[in-house]
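Morning, everyone. I'd like to walk you through one structure today. Have a look at it first, and then we'll start with a pair of charged side chains.

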Amino acid sequence: MASQRLAFRIARREALRYKGRSVLSITLLGLPLLGVAIGASAYDTATLSPEETAIQYLGENDAYISADNPGEPLTQFTWDSQYPWWESEMTEDDGEPGTITEMGVLAELPLGSRITPYSFWNGSEQRAQVETPDGIGDIDVLGYDLTDPNYEAAGFTYLDGSAPIRDEVVLSEDAASYLEVGVGDSITMVHGGADEEFEVSGIIEIPWDINGRYAIASFFPTEASGWLVDTPEPFTYEDALALNEAGMTVWATSLIDRPSTIPAEYGYSVTYFDEATLTLYVLLVVVVVMEVILLAGPAFAISARRRTREFALMSATGATPKQIRTIVLAGGVLFGVIAAVVAVLLGIGVVAAGRPLLEQIVGYRTPGLQVLPWLQGVLVAAAIVTGLLSALAAAISASRINVVAALMGRTPGRKGSKLWLLIGLVMVGGGMVAGFAGITIWSMPLMAGAIVLLQLGLVACTPALLALTAKLGRWMPLAPRMALREAGRNRGSAAPAIAAVLGVVAGGMAFSMTIAANNVRGEALKEHLLPQGALTLTMWNDSEDYDPETGMPIGDPAWEEGLAESEARLGKHLDELEITKIQISETDATCGREDVDPENSYCSVAMTRPAENRCSFWETETHTEEQMLAAVAAAREDPNCNETGDGYGFYEVPTSADPDVVAAYSELEGDELDAAVALLEDGGVLISDALSLTDEGTVVFEQRIESWDEETGEETESEATEIELPAIVVDENLLGYSKVLLSPGAAERLGMTESLWSRQYLVSTSTVVDSAVREAISSDLNAEIADGDISANFRVTDYTDLTSFYMMLAVAGLCALITLGSTAVSTGLIIAEQRKDMTTLGAVGAAPGLRKRFAMWQTIMIALFGSALGTVAGVIGYALIRQALNRSLMNQYPFQVLYTWELPWTSFAIMVVAVPVLAAIGALLFTKARLPSERRLT
């Protein structure tokens, strides 16, 4: 322990002696740790426990109850969520669903209880049009009587003003900002042909929806999903059981801790998801840790080289190599502890100061600052280990110095050892083998080890690569030739600098490729109907004339009047406007057959495949997990198994024979388009599933009608009819989830009718539709159409995910910034170490500009080498991360969209081109061209 105390004392004095270098090392170690500390504290602060969630929604109220099965007893299995798991016994009574009134609810509660209508979702179907500074907009409306004390007990807080009375309303903060009004101002709501003004009495905040845009008043429609309950005595389990007997579920703060009683037969396996998620997290942690080690390593390595004379003096006075190593490692531990403590305290402070912003992001108030202490403790331990590993190479190098040469101020040239190249190649090969083996047998340690071995192997090969590259200098101008030869001669300094860039680029490239693949996967999951940028006008039936039994509209709304008004409003903003109708067909209860009872029947239509083209999966037993795995594996080998799980069946199928519509949906041109239009005019269809096409060039649809007994509800008849239609196949990614474009004749034969709910039109114009044009059109279409019976929406088809794109740019930019910083710092340390050489250059007549260019080319060489090797390591790391992401998706059929190989070219350009260029510019600007002469040490 005495030697350890001495080592730490020397490390502390060295840190205080060279404060700039110490701060640099601590910063390199602490920056990634700071990100983790902020993330951990923010996550713990924003993540609510079941008890905290109950308090946030219920406040001081005792419970929330919902009439999920009114009039019928139910069994509630869970008690810790607002959406409990429950079941009810089926009864033979097939009457209308029961209802329960507030008096009926109070009858089931203790005497003296008070209930209040309440919902957990403010974005209800009840919306109102209101005048805004820019036109007309929509806000949600809640029919709550805020004079009821239960709302105040639930945490409803007035930021300004007070509860509304008579014709007053209160607004959320976001709604007040949107409308640009405050307490005492008036808002104008648009109702049909009449406008009505209401005075704003207050600005209110609901703790679990602070970003909502809503107005509250007692005269608004009430669509509450349940009731808040305040009982005179503490709410008990017996009270809950009584409510269950009346068909109501309960969420009470006093019952949060009751254990779940979900029957075992309701369980399901999440093995693959859990294993994949755990493996993914471990691989990400390994990537980050390797990034920190390789980032901080150069600072320790170069620091140890600058202290060569000091270590030589220690050796000359009797210090053993072990003691030298201990001193250097003590510096790593010291810097790791300081970096961890500073990162944790700063991270907690950032979250504490930014908690209001965090609450705005998550959309609800948090109970207070929480720091996830166990993870912060792990972070400190990880920082110590990381600091130790970062200093390990420098410690080994320092313990092997030539004492005589060091005391003379000379660094003897070392002949490159082929052993390190051999070790590096073996590590790279071992990493590749470990990666393939880990994927094959699904071993998390092997995959994590593969990342470590690959990156360390590339680092070990770097000196040999530098020596090889130095030979290219003979064909280069003076400055780059000097930089290459200096890197080859002084590989002990250049290699750690390149390793720092390698670590950052590897992590950034792996994350960027993950985000890029996720972006492509998200776009693939979207329904592709019309081409990118296509313009459409959609009108909806807002008529209030419905059949109370079937829920279907009665009569034909004023579609023509609505189209005329919408076209006139579009014409104000779009030149050379043309509108083409796209019929939307859907099935009804009878498929157009008069002999079927619409009240006790259901009709469906599906496109079928010939028997020889059907997937083997549907003929295989899949009752057990082993059977499911075997069936999916067989399906992957079956060329007929290409179905994906991205569809919703035959729903709202586009129907048209118009050439413009057909071209938009099928992307056909010329003779192919003419042939498709001719086929549709003859009653055919276009399909995007080639395996559904028969040898005769047709496709078979199955029309199935199921009927049931009105009294017992039991199925009495199931009739299937096959309808064969001529077809043409288009690209498999077109025509949406239904994979078909019908002709009007085909829709009639299939018993499908035009939708009673909506009309859709294809819009063409010579005007460039930008965001300003869209907003202006939306504002005009928000006004009442056809006396309120029609609402309309103008849409520009867009399949891109800008959020993922910006996230990828943010990751690439952050990694580029860290890469640029590490390149500059590493190059600066190298140049500082080479100060004597730079002075010698000046003494022999080298121009100041040559020294600047020399530094610039050193920077470029480090950035290019590190970026190239880091890209290789990042691509291999993504291969393992991709496998972990796909693990839970590969054992399902219909097939899920997997993460693929998507190269983020933007990230490549930033890492490989932009970073070296910026680093070179920085080296030119900040390198000192003139240095004073120095006396030799000997």
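E359 and R355 form a salt bridge, and their closest N and O atoms are 3.2 Å apart. Keep in mind that this is a predicted model. Both residues sit in helix α11, four residues apart, so about one helical turn separates them. Helix α11 itself covers residues 355-362.

Now, is E359 buried or exposed? E359 is buried: its relative accessible area is 6%, and the cut-off for buried is under 20%. R355 has a relative accessible area of 25%, so R355 counts as partly exposed.

What else does E359 touch, leaving out residues up to four places away in sequence? The answer is I210, Y364, R365 and T366. One of those, R365, comes back in a moment. The salt bridge we started with belongs to a network, and that network links E205, R355, E359 and R365.

Next, salt bridges elsewhere. How many does the structure hold? It holds eleven. Let me show you two more.

Take R609 and D689. They form a salt bridge with the closest N and O atoms 3.0 Å apart. R609 lies in the loop between β16 (601-607) and α19 (625-637). D689 lies in the loop between β18 (685-687) and β19 (698-708). The two are 80 residues apart in sequence, so this pair ties together separate parts of the chain. R609 counts as buried, at 10% relative accessibility. D689 is buried too, with a relative accessible area of 9%.

Here is the other one. The side chains of R114 and D148 meet in a salt bridge, at 3.9 Å from N to O. This pair also links distant parts of the chain, 34 residues apart. R114 is in strand β4, residues 114-118. D148 is in the loop between β6 (135-142) and α5 (149-153). R114 is partly exposed, with a relative accessible area of 33%. D148 counts as buried, at 17%.

Let's move inside. The count comes to two cavities of 30 Å³ or more. The largest has a volume of about 190 Å³. Which residues lie nearest its centre? They are E14, F300, S303, R307 and F335, out of 19 that line this cavity. Four elements give two or more residues to the lining: α1 (2-17), α2 (19-46), α8 (271-306) and α10 (321-353). The largest share comes from α10, with five residues.

Back out to the surface. There is a nonpolar patch of about 480 Å². It is made by L864, V912, V913, V917, L918 and I921. Which helix gives the largest share? That is helix α27, residues 905-926, with five residues. V913 is one residue in that helix.

Last, the whole chain. It has 27 helices and 24 strands. Of its 938 residues, 46% count as buried. The accessible surface comes to about 46200 Å², and carbon and sulfur atoms account for 57% of that.

One more number, about contacts. Take the contacts with a separation of 6 or more. Of these, 81% are between residues 24 or more positions apart.

So, back to the start. Find helix α11 again, and look for E359 and R355. Then trace the network out to E205 and R365. That's it from me. Thanks.

Terms used. Residues numbered from 1 in each chain as written. Predicted model: local features only at pLDDT ≥ 70, side-chain atom pairs only at ≥ 80, totals over all residues. Heavy atoms only, no water. Buried < 20%, exposed > 50% of the residue type's maximum accessible area, 1.4 Å probe, protein only. Contact = heavy atoms within 4.5 Å. Patch = residues over 30% accessible without salt bridge, like charges linked within 9 Å, V, L, I, M, F, W, Y side chains within 5 Å. Areas by Shrake-Rupley, 256 points an atom, 1.4 Å probe, with all protein chains shown as cover. Salt bridge = Lys/Arg side-chain N within 4 Å of Asp/Glu carboxyl O. 1 Å grid on protein atoms, 1.4 Å probe; cavity = no way out; pocket = protein on both sides within 12 Å on 5 of 7 lines; lining within 4 Å. Points joined across faces, edges and corners; volume = space filled by probe spheres on them.
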